[in-house]
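Trainee: I'm new to this one, so could we go through its pockets together?
Mentor: Sure, have a look and ask away.

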Amino acid sequence: MLLGIVITDERYLTVANGLLDAAGARGWETLCFLTDTGVNVLADAGFLERAKACPNSVSLCEHSAARYAQGRFDPKALGDVVIVGGQYQDAELVRKCDQVLVF
């Protein structure tokens, strides 16, 4: 199972971390796309560690990061871990995944 998780607001951090852990416990692969204020989950050490454990499984909207991150993290410094792109990455997630949850 390939589970897609789209995070549109940073208030869903706890839900996202729980889903990533639960999916991993089931042996499922996950892809995440971060947009709008959801990009700020990357400022959380726990979420970032989950992303580092599976490089390039998390992508973010560069426009949203420029607009909402406001110095909370540096997208360029995460280039080896996170795909910095745009809404194309969201479309790819939807195409590839068996199920997609949007928060």
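Trainee: What volume does the second largest pocket have?
Mentor: Keep in mind that this is a predicted model, so every number here is computed from it. For the second largest pocket, the volume comes to about 170 Å³.

Trainee: Which element gives the most to the lining of that second largest pocket?
Mentor: Look at who lines it: the list includes Leu31, Cys32, Val58, Ser59, Tyr88 and Gln89. Strand 2, strand 3 (58-61) and helix 4 (87-96) each give two or more residues. The top contributor, with five residues, is helix 4.

Trainee: How many residues of that lining are nonpolar, polar and charged?
Mentor: Glu92 and Lys96 are among the lining residues, and both count as charged. The whole lining of the second largest pocket divides into two charged, four polar and six nonpolar.

Trainee: Ser59 and Ile83 both line the second largest pocket. Which residue of strand 4 stands opposite Ser59?
Mentor: Start with the strands: strand 3 and strand 4 (residues 82-85) run parallel, joined by four bridges. Together with helix 3 (residues 62-69), they make a right-handed β-α-β unit. Opposite Ser59, in strand 4, stands Ile83.

Trainee: And what is the volume of the largest pocket?
Mentor: Among the 13 residues lining the largest pocket, Leu20, Thr30, Arg50, Cys54 and Ser57 are the closest to its centre. Helix 1 (13-25), strand 2 (29-34) and helix 2 (45-53) each supply at least two lining residues. The volume of this largest pocket is about 220 Å³.

Definitions and conventions. Residues numbered from 1 in each chain as written. Predicted model: local features only at pLDDT ≥ 70, side-chain atom pairs only at ≥ 80, totals over all residues. Heavy atoms only, no water. 1 Å grid on protein atoms, 1.4 Å probe; cavity = no way out; pocket = protein on both sides within 12 Å on 5 of 7 lines; lining within 4 Å. Points joined across faces, edges and corners; volume = space filled by probe spheres on them. Pairing = 2+ DSSP bridges. Right-handed = clockwise from strand over helix to strand, strands pointing away.
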